[in-house]
Amino acid sequence: MTKTEAASGDISQEDCLYRRVLELMESKWTVLVLHALDGGSQRYRQIEARIRDITQKMLTQTLRRLERDGLVRRIVHPTVPPAVEYELTDLGRSLMPHIHGFRTWAAERFAEVEAAREAFDRTYGRRNAAE
């Protein structure tokens, strides 16, 4: 399948580019970590402090996955003990306008989502909302 076919193609196919990019963003933590690194390099504890409800295990897994995907670079400074920083790569920075777009959309439109949820719950009851 060519890139053009994958980009415009059948979303039921495993190699669909929509599916592939969603795999990159499969966790809310991915987007939050990328957002935390958007302002420049950060040490692990700085990222952890910005995303207060992330566990150490999940932050470590997310950083490793982002590094593997080429979106984040891990920089080890030769000090005692070693100082480690994380920063977005050029590839990671190229994704940020799209992530900013989600934030902008949420700021402008998420009240409508909440209103729709409330209307749905009034009509069908809270019990059926997750079905």
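Helices here are DSSP runs of H or I, at least four residues long, numbered from the N terminus. The model is predicted.

**Stop 1: the pocket**

Select helix 2 (17–24) and helix 6 (90–124). Each gives at least two residues to the lining of the largest pocket. Helix 6 provides the largest share, 4 residues.

Now show the full lining as sticks: Val-21, Leu-22, Met-25, Val-31, Leu-95, His-98, Ile-99 and Phe-102. Colour by residue class. You should see 7 nonpolar residues, 1 polar and no charged. The space enclosed in this largest pocket comes to about 180 Å³.

**Stop 2: the sheet**

Switch to cartoon and select the 3 strands. They make an open sheet, ordered 1-3-2, with antiparallel pairing. Strands 1 and 2 sit at the edges with a single partner strand each, so one side of each has no neighbour in the sheet.

**Stop 3: strands 2 and 3**

Select residues 72–77, which are strand 2; 6 bridges pair this strand with strand 3 in the antiparallel sense. Follow the chain between the two strands: a hairpin of 5 residues joins them. Then pick Ile-75. Its opposite number in strand 3 is Glu-85.

**Stop 4: strands 1 and 3**

Move to residues 42–43, strand 1. Strand 1 runs antiparallel to strand 3 (residues 83–88), and 2 bridges join them. Click Gln-42: its bridge partner in strand 3 is Tyr-86. Next, click Arg-43. Which residue of strand 3 stands opposite Arg-43? Glu-85 does. End on Glu-85, with Ile-75 opposite and Arg-43 opposite as well.

Key
Residues numbered from 1 in each chain as written. Predicted model: local features only at pLDDT ≥ 70, side-chain atom pairs only at ≥ 80, totals over all residues. Heavy atoms only, no water. Pairing = 2+ DSSP bridges. 1 Å grid on protein atoms, 1.4 Å probe; cavity = no way out; pocket = protein on both sides within 12 Å on 5 of 7 lines; lining within 4 Å. Points joined across faces, edges and corners; volume = space filled by probe spheres on them. Nonpolar A, V, L, I, M, F, W, Y, C, P; charged D, E, K, R; others polar.
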